[in-house]
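Subject: Structure handover

Hello,

Here is the structure I promised you. Please open it alongside this note. My findings follow below.

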Amino acid sequence: MDIVVCVKRVPLTEEVDLVIDAQKKGVKKDQLAFVLNDWDNYAIEEAILLKEKHDGTVTAITVGNEDDEEVLRRCLAMGADRAIRVEAGDISKFDSFGIVKILSGVVKDLPRDLVFTGVLADDDSYGMIGMMMAEELNLNHSCMVTAIELEDGKVRTTSELEGGLGEVSIVYLPALITIQTGINEPRYVSILGIRKAAKKELKVMDLAELGISDEELAPRAIIEEVYLPPETEGAQMLTGDPDKIAGDFVEILTKKGVME
Amino acid sequence: MSDIFVIVEHRLGEIRDITFEMLWKAGELAENLSHSVTAVLLGHEVSSIAEDLSDRADQLIIYDDERLKNFDADLYKEIIAGLIEETKPPLILIGSTSWGMELAPCLSIKTGLPLATDCIDIMSEHGRFMAQRQMYNGKIFANVSFAETPGCLITIRSGVFPKDKIGDRQAQKVQKDFPLADIKPGKAFVEFVETAAGDVDITQADLLVSVGRGIGEEENIALIKELAEALNGVVSCSRPIVDKNWLPKYLQVGTSGKSVSPKVYIAIGISGAFQHLAGTSGAGTIIAVNKDPKAPIFRTAHYGIVDDLFKIVPVLKDKILEAKKG
């Protein structure tokens, strides 16, 4: 069972004031901390769990600059066998379509029974890389998956639908599966673990090596402008010392008839 | 006159709300641009669905075939790609739903048409479409335009447009034959399963005390349970809490969980991802506690408390107990 997992390094933006960059095409990132995209963390864990049960290999891939290798090191420390980074500089110049071209260029030459991506990335939240790759590589697919069982030459997946409904399917291998959060409990990675994994293979490829030209990567969906959310009336804030806030809070609950 | 296409989403014989929401937006755009609206319906034994759509579009293209009984993204993709090739619509709308998330990217690659996903509005400038969407969990908005192609694909977030009728329409029905030969299915439908069944029904509660990622550690959930107990309320939660197995799925509020309608919804340490807020639109009053004043939850909540939940929640609890005693 050879599994390829595509991962992305994303900024942490909760409890952070985001600042729009000068070109109004994105946010300033120099002050932000970065992590492995949450969905991808579940995807790499799922691949490693399958490998532990059924043998095989796990390869983690990312597209980006040297800083982005940090998430590959983490994947290696979790148990991936090898990692590949495609040197592409700052990836914000590509749209999802471009990233798919690059990832597909790598994956097509790798042994793979399964390819995993996260359902979406926490930063731009497009959620289209996985299914675009499935089409590009002509792989069978299952989307937003919360459970995987390997059977002979196929996998049984549960896809998350709306309203607490799941859809169980049989998908024939090779297949691409987008992994939803909560599918497993991703293992803890220590600094020591990352240091130990430093001797595992991390290959760097460039676009020329993949035979991909700039024209092929021209974006089709173009960000014209980013901006802060339009002002809304928003919540009425309860302010003052905690005792005053709590008093106001109880008053609201009383008025709404839930203080029985 | 060209056609704006809306791909009809339905499940277990029922039209999904997103279909009506897309048809509303398509209708609005069509009126401004002198376009017409075409609904595209794939399924099996769909005559009652077709009937319910008859005054929502100018044209209804129907593929009714046993092989389309269950949603299959590959079959949908092949059939719709053929239809796009034949009719060249300038805009195709698909739901940003579980099914749309599988279908739209495949269709984009297959047809070569650009795609913007999870959009909350569509604008038209100089005959070209532009989509508005959110990034960074709603903290940033973006306008996305499309390369010069014969058309574009946009997936629409659930709940952002009205479900109402717009304009006077009478759909001309066009029945099409199943156009594909030699299908080799890569995937087979097995069954639907209920993943959120449980002992407590949060949809019936008058008061929900809901907890999110901000709670930090599993043992801290006790704090929320104590507050709920003091209020005779019911505990619910956002997705990250279920993902970590700290609370069961049947307590989850949001798109993939339950839609709730309590008199009061108290959201503690919940940033307010739209998937969560989609489940709270029926709540009478929302009170949010979060230490990030920029958290999207404060855009939706009626009342807000910007504070460290670990400091303020015990004070709230004491005040409630005091008030109940007095």
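Of the contacts in chain B with a separation of 6 or more, what share comes from residues 24 or more positions apart? The figure is 63%. One caution before the rest: this is a predicted model.

**Chain B**

Chain B has 326 residues, and 59% of them are buried. Its secondary structure comprises 9 helices and 17 strands. Taken along the principal axes, the C-alpha atoms fill a box of roughly 70 × 45 × 35 Å. The accessible surface of chain B is about 13200 Å². Carbon and sulfur atoms account for 46% of that surface. Chain B carries 35 positive and 45 negative charges. The mean positions of these two sets lie 6 Å apart.

**Chain A**

Chain A has 260 residues, with 53% buried. It holds 6 helices and 13 strands. Its C-alpha trace spans about 65 × 45 × 40 Å along the principal axes. Take the contacts in chain A between residues at least 6 apart in sequence: 71% of them join residues at least 24 apart. Chain A exposes about 11400 Å², and 48% of this comes from carbon and sulfur atoms. There are 28 positive and 50 negative charges in chain A. Their mean positions are 5 Å apart.

**The cores**

In soluble globular proteins, nonpolar side chains tend to be buried together. Here, the largest nonpolar core has 105 residues. Which residues have the most contacts inside it? They are A:Ile102, A:Met133, B:Leu91, B:Leu93 and B:Ile154. Both chains appear in that list. Another core, of 56 residues, lies apart from the largest one. Its members include B:Val209, B:Val260, B:Leu277 and B:Leu316.

A:Met133 is worth a click. Leaving out residues up to four places away in sequence, A:Met133 touches A:Cys6, A:Val100, A:Leu103, A:Ser104, A:Val107, A:Val115, A:Thr117, A:Asn138 and A:Leu176.

**Helix H1 of chain A and what follows**

H1 of chain A covers residues 38-54, 17 residues in total. From its first C-alpha to its last, H1 reaches 25 Å. That is close to the 24 Å expected at 1.5 Å a residue. Is H1(A) largely enclosed or largely open? It is largely enclosed by the rest of the structure, because 12 of its 17 residues are buried. Among the buried ones are A:Trp39, A:Tyr42, A:Ile44, A:Ile48 and A:Leu50. The buried set also includes A:Asp40, A:Glu45, A:Glu46 and A:Lys51.

A:Asp55 follows H1(A). This residue sits in the loop between H1 and strand E4 (57-64). Its phi is positive, about 65 degrees, although it is not a glycine. A:Asp55 counts as exposed, because its relative accessibility is 58%.

**Other backbone points to check**

Most residues other than glycine have a negative phi, and most peptide bonds are trans. A:Ser125 also has a positive phi, of about 55 degrees, and is not a glycine. It lies in the loop between strand E6 (114-118) and H4 of chain A. Is A:Ser125 buried or exposed? At 14% relative accessibility, A:Ser125 counts as buried.

The peptide bond from A:Leu173 to A:Pro174 is cis, with omega near 0 degrees. A:Pro174 is in the loop between strand E9 (165-172) and strand E10 (175-179) of chain A.

**Two residues of chain A that touch chain B**

Start with A:Glu135. It belongs to helix H4 (residues 129-136) of chain A. A:Glu135 counts as buried, because its relative accessibility is 16% and the cut-off for buried is under 20%. Which residues of chain B does A:Glu135 touch? They are B:Lys77, B:Cys106, B:Ile109 and B:Lys110.

Then look at A:Ala246, in helix H6 (residues 242-255) of chain A. Its relative accessibility is 0%, so A:Ala246 counts as buried. A:Ala246 touches B:Val315, B:Leu316 and B:Lys319. Of these, B:Leu316 is also listed in the core of 56 residues. A:Ala246 and A:Ser190 are 56 residues apart in sequence. In space they are 41 Å apart, C-alpha to C-alpha.

Best wishes

How values were computed
Residues numbered from 1 in each chain as written. Chains lettered and ligands numbered in written order. Predicted model: local features only at pLDDT ≥ 70, side-chain atom pairs only at ≥ 80, totals over all residues. Heavy atoms only, no water. Core = buried A, V, L, I, M, F, W, Y, C linked by side-chain atoms within 4.5 Å. Buried < 20%, exposed > 50% of the residue type's maximum accessible area, 1.4 Å probe, protein only. Contact = heavy atoms within 4.5 Å. Helix = DSSP H or I, 4+ residues; strand = E, 2+ residues; numbered from the N terminus. Expected span 1.5 Å × (residues − 1). Areas by Shrake-Rupley, 256 points an atom, 1.4 Å probe, with all protein chains shown as cover. Lys, Arg positive; Asp, Glu negative; His and termini not counted. Charge placed at Lys NZ, Arg CZ, Asp CG, Glu CD.
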